[in-house]
Structure formats: C-alpha cells, structure tokens
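Biologist: Please show me the model, and then I will ask how its descriptions are justified.

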Amino acid sequence: MVASRASEPSPGSEKGQQSRFSGFICLLKLRKLPLCEPAARCPRRSPLLKEVLASYDTSANPENIRVGIDTSSKLSGPLGDFGWRNAAAWGKNQKDRQLRTAAPLQEGSPANGCQPPMDVAPLAAFAVVGPGLVYGSTNVHDPSICKDSAGKYWLFSTAPGIDIRTSTDRTTWTYVGKMFPNGASWTDTYTGTSNGNLWAPDCTVQGSKFLVYYAASSFGSQNSAIFLAQSTTGAPGSWTNSGLVTSSSSSNNYNAIDPNLIIDGSNWYLAFGSWWTGIKEVPIGSSTGKPSSSTVTALAQRTAASGAIEAASMYKYGSYWYLFTSWDICCQGTSSTYNIRVGRSTSVTGGFVDKSGVALTAGGGTLVLAGHDNIYGPGGQDVFTDGDGPILVYHYYNATGSWLGINRLDFSSGWPVVA
C-alpha cells in the first residue's frame, strides 16, 4: 500500500501487455523461494503475474504483498483464469477482491514438474502492500491498540462511550463493550449532545494500569477537550474518569483533540491538535497524567490545504523520534483523502523534518501511506511495538464502511515503509 511504489508498468512486449490485468489484487504469503507452478496447473498468464512477484524484493519484504495488476483480461470465476494451487478462497468480502493463500508457494524443481516464471518486463514498481488480514469485528474508526501483560490485545476506537475490542492474536477481533456503557455526561459540553461520539482514544498500558486519553468535540469546532480515563483491567465499565486534561476554545490558535501520550524515560508528553496551527505538545506529570506546565510547543503545521493535519502519533525507533500525522480530509467515506505522513527528530520536543529536510512546522511530511485500489483515506493512525516489530494501526474506508488496517513497518532505511 505504499503510494510511492505505484506506477504504470512499461507496456513493452506482448508479454508485458498480457501482464496488465485490470484492478485484480492478489494477496500472497511470500518466502525466499522460486515462484513457480506445475506446468499443467499454470495457465498462460500465471507465470506473468508470478514474474511481477519475483521482480519484487521479497528478501526485504518477505511478508504479505498485494500486487495490483492493471487492465482488461477477462476473469473467469472468483479466482479468474489463474488457478493457483495455493489459492484457498476469497476473503469474507469479495468486493475487496483479495485472493487469500492457504500456504506459501512451494519451491519447484524439475522433479516435481515446476517451471520457472516466463521472462517479462519487471513490474516491481507496481507492487502495493495492503492491509494485513483481520477478521471478526473490525468496523472501527481512529483505532488505538495496546497489549496487556498477559498478551491480550485491546483496541479502542471512536464511538459514543468508546468501543472496546480484544484479540489474542492481533488478527481476529471481538467486540466486548464500551469504556463508558452509561455514557460520559462530563463530555456533553464539548460534543454538544448527550452521549455523543468520543474521538480518537489513545491507549497505553503502564505497569498494571491502562491509560486512555480521548477527545470530545464536534466537527469544525475549537470547543474541544481531552480527558483521561484509567482502569486496572481494561474491561468495559471498569474505567474511572480521571477528568479534564486540556481544552481549547476560539481564543486559542489550536484545537485540543486527537491526543497521543509519549513516554520518554521518566518524562511524559501529550501531543495533540487538528487543523488550525497544527500539532502541539505539552509536558505531562507521570503521577497525575495531567499537564505539568502551561508551555505549549509546536511540532507540525500544514501550510497548504487549509492546514489539514491531525492525528499525531509519535514513535521511537533507534535514535529518532518519528512523528506520524494524517493529512487532508477524513470521514467522507470513499471520498476521504486522508493519508499518513511522517517526519523525524532526535528530540521528542521538536525539530522534526521530513525525508527531504523540510521542517514539519513549515509544511513538511514524507508520505507513508495513501489510498489505493479500493482502500480510501487511510489515517487516524497509531504505532506500537509488538513481538514482530513496529506495527502501524489505522482505519480506511471502502464502499461498505470504515475498517481496521494493520501493517508492519520497516525502518531499515531510516524511514518507515509499510510492510
């Protein structure tokens, strides 16, 4: 799903033309093995598509690769005319047009009748990494995931009372209830309604305690506030309202929504902000969870698109802090133009620049993830560390709603790449 990889393949030869199949997306579990099939099971176009995969550097990205192929070939049945041995079934939603594979492609040899892919023009630049497979209750918005000491994953998302989902494997998710099943009347002043949507919860497990910062506001308003809730179990109804953290009004040049807690050793900070003058940061007392100073530091600001930047999420990798933000328009279904950007700094309190050296406070931001195929407006992101490395969590839209996206991030180049 990395937009910088998306480009038109060279039409080249007849074989190159045959490889241009319209909008078909295949999800394959790749290993460092030759991509080949028994000749009898390989229709004429299968080697062409496999050449696309073979030309992609699978040693750098050995996990899920989605490959979009451009054009006009007639597809016969749910698997088209490919007939791959490993293609088990379509996903739950055939509109997603994602081909699931039951097992990795097998290494071939003359003994098992496998022939290598045909020689066609390389199309590696056309490879796109898609959302990882998730199942169950995954219709979410502004997701944040944290993991407790027992290894259970907890997902919090925008909703009246804030929705909670859990998983034991980060793949299959179960809706378990709301943080505040009886509503959160203390937020009504900011939502402008009784039991309104509470936005963009940010979850952290600190020792034996769950901390969730969340926002209350209404669209286009600076009458906004960020609150803190705490729990020792994470379970619905177990949460204590720890009160107001910070707020904004029309007298401020920022908007107090989209919180993100940052812990740097013994120093805590809260990043937040949406549109207006962008992303801000305040120091937080680790014992109170509230601001320890009135100092507000600017971290990032758009100089274009009416200042459309929000959803800060900061992540430490190596010697750098990476500030992820969402640009452009959220919450418009398939018309959403949200996209995820990033900059980095050696300091948690500022100095962020993008890959080109442009300061984030001057409109800089390197693209991490944009819409593609039938994925619209990915954003509202969270980043956390799991056993398999850095994990990007986000929502995206398709024709049926807003859905959970989870991908690994590869920082080997010094900049995050969706993997």
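**Reading the model**

Biologist: What makes 54% of the 419 residues in the protein chain count as buried?

Modeller: A residue is called buried because its relative accessible area is under 20%. In this predicted model, 54% of the 419 residues in the protein chain fall in that class.

Biologist: How much area does the protein chain expose, and what share comes from carbon and sulfur atoms?

Modeller: The protein chain exposes about 16,700 Å², and carbon and sulfur atoms supply 50% of that area. The protein chain has 3 helices and 29 strands.

Biologist: Over which residues does pLDDT stay under 50?

Modeller: That applies to residues 1-127, although the model has 247 contacts beyond four places in sequence for them. pLDDT is the predictor's confidence in each residue, on a scale from 0 to 100. Where pLDDT is low, the predicted coordinates should not be read in detail. For the protein chain, the mean pLDDT is 77, and 69% of the residues reach 70 or more.

Biologist: What is the volume of the largest pocket, and which residues are closest to its centre?

Modeller: The volume of the largest pocket is about 680 Å³. It is lined by 39 residues, of which Trp199, Phe219, Ile257, Glu310 and Cys331 are the closest to its centre. β14 (197-206), β22 (309-317) and β26 (376-386) each give two or more residues to the lining, and β14 gives the most, with 5 residues.

Biologist: How many residues in that lining are nonpolar, polar and charged?

Modeller: The lining of the largest pocket has 15 nonpolar, 18 polar and 6 charged residues.

Notes:
Residues numbered from 1 in each chain as written. Predicted model: local features only at pLDDT ≥ 70, side-chain atom pairs only at ≥ 80, totals over all residues. Heavy atoms only, no water. Contact = heavy atoms within 4.5 Å. Helix = DSSP H or I, 4+ residues; strand = E, 2+ residues; numbered from the N terminus. Buried < 20%, exposed > 50% of the residue type's maximum accessible area, 1.4 Å probe, protein only. Areas by Shrake-Rupley, 256 points an atom, 1.4 Å probe, with all protein chains shown as cover. 1 Å grid on protein atoms, 1.4 Å probe; cavity = no way out; pocket = protein on both sides within 12 Å on 5 of 7 lines; lining within 4 Å. Points joined across faces, edges and corners; volume = space filled by probe spheres on them. Nonpolar A, V, L, I, M, F, W, Y, C, P; charged D, E, K, R; others polar.
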